[in-house]
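This report goes through selected local features of one protein model, from helix ends and faces to aromatic rings and backbone angles.

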Amino acid sequence: MKTSTNNFHLRFSHNKKHIMIIIITGASHTGKTILAQRMLEKYNYPYLSIDHLKMGLIRSGNTTLTPNDDEALTAYLWPIVREIIKTAIENHQNLIVEGCYIPSNWRKDFNEPYLSTIRFICLALSDAHIDAHIDDIKRYSSVIEKRLFDTDSTPASIKEDNHNYIHSFQQSGEEVTLIDGDYEEGIEKVIREMIRNL
């Protein structure tokens, strides 16, 4: 069903179905994919991996960008992901969107009532968690997606990546979920808070 954005506000206000878009972002190795998988199992919502979209566009030759072009990939992918989210909302469809390529100022691209349907989660790991669990981070980096742990990833580089996410998203006024202790407890806490906010 194709929906005109001009009629969206009127149609949305009369819709009885509760629409939920869940955006999950964060630094590499924070467990975004695991959380998205848990959300999928919990809510039975469709799930969009931005990494899959990225690799599809790269491998099909639709862009000359490479997986290492993080900043350029965000600028390239976000307009596509943004419009997918809007289309899902306009068509009264739930959706989980997960990946690194979400700009910290993402909210500026949505008006109400779009924003009222979106729940945002930004995951980050504390320095103490990284120091205590670096072996687990390496071991579980491919639990959901079959990938090798980045050979150039070190505790220092992982910390820097997490610091950048924490700083940029907090500067934009976003809440960052900092995992400081047990990872499973942290993820379950995120899910419980999501249920309370439904």
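## Helix H6 and the residue after it

Gly173, placed just after H6, has a positive phi of about 85°. The model is a predicted one. H6 itself covers residues 155–171, and its 17 residues should span 24 Å at 1.5 Å a residue; the end C-alpha atoms are 24 Å apart, which agrees.

Ile158, Lys159, Asn162, Tyr165, Ile166 and Phe169 are the buried residues of H6. Viewed down the helix axis they fall within an arc of 125°, so they line one face of H6. The cover over these buried residues includes S1, S4, H5 and S5. On the other side of the helix, Ala156, Glu160, His167 and Gln171 are exposed.

## Helix H7

H7 runs over residues 183–196. Its 14 residues reach 20 Å from the first C-alpha to the last, close to the 20 Å expected at 1.5 Å a residue. The N-terminal end of H7 is capped by Asp182, with a side-chain oxygen 3.2 Å from the backbone nitrogen of Glu184.

Buried residues in H7 are Tyr183, Gly186, Ile187, Val190, Ile191 and Met194. They cover an arc of only 135° around the axis, and this puts them on the same side of H7. Among the elements that cover them are strand S1 (21–26), helix H2 (32–43), strand S4 (118–125), helix H5 (127–139) and strand S5 (177–179). The face turned away from this buried side carries Glu185 and Arg196, both exposed.

## The loop between S1 and H2

Ala27 sits in the loop between S1 and H2. Ala27 counts as buried because its relative accessible area is 0%, below the 20% limit. Leaving aside residues up to four places away in sequence, Ala27 touches Lys32, Leu123, Asp161, Asn162 and Tyr165. Of these contacts, Asn162 is 135 residues from Ala27 in sequence, yet the two C-alpha atoms are 5.4 Å apart. Asn162 is also one of the buried residues of H6.

His29 lies in the loop between S1 and H2 as well. His29 has a relative accessibility of 14% and therefore counts as buried. Its phi is positive, about 70°, although His29 is not a glycine.

## Aromatic rings

Seven aromatic pairs are counted in the model. In one of them, Phe110 and Tyr114, the ring centres are 6.4 Å apart and the planes meet at 55°, so the pair is tilted. Phe110 and Tyr114 are both buried. They belong to one aromatic cluster together with Trp78, Trp106, Phe120, Tyr165 and Phe169. Two members of that cluster, Tyr165 and Phe169, are among the buried residues of H6.

Lys86 lies over the faces of both rings of the tilted pair: at 5.7 Å from the ring centre of Phe110 and at 6.0 Å from that of Tyr114.

## Other backbone angles

Most residues other than glycine have a negative phi, and most peptide bonds are trans. Asn44, in the loop between H2 and strand S2 (47–49), has a positive phi of about 60° although it is not a glycine. Asn44 is exposed, at a relative accessible area of 66%.

The peptide bond joining Glu112 and Pro113 is cis, with omega about 5°. Pro113 is found in the loop between strand S3 (95–98) and S4.

How values were computed: Residues are numbered from 1 along each chain as its sequence is written. This is a predicted model: local features need pLDDT of at least 70, side-chain atom pairs count only at pLDDT 80 or more; totals for chains, interfaces and linings use all residues. Side-chain values use heavy atoms; hydrogens and water are left out. Rings of Phe, Tyr and Trp (its six-membered ring) pair if their centres lie within 6.5 Å; planes under 30 degrees apart count as stacked, over 60 as edge-to-face and the rest as tilted. Buried means under 20% relative accessible area, exposed over 50%, partly exposed in between (1.4 Å probe, protein chains only). A charge sits over a ring if NZ of Lys or CZ of Arg is within 6 Å of the ring centre and within 35 degrees of the ring normal. Helices (H or I, at least four residues) and strands (E, at least two) are DSSP runs, numbered from the N terminus. The expected span of a helix is 1.5 Å times one less than its number of residues. The arc is that of the directions from the helix axis to the C-beta atoms. Contact means heavy atoms within 4.5 Å. A polar contact is a pair of N or O atoms within 3.5 Å; within protein, one must be able to donate a hydrogen and the other to accept it, and residues adjacent in sequence count only if both atoms are side-chain atoms.
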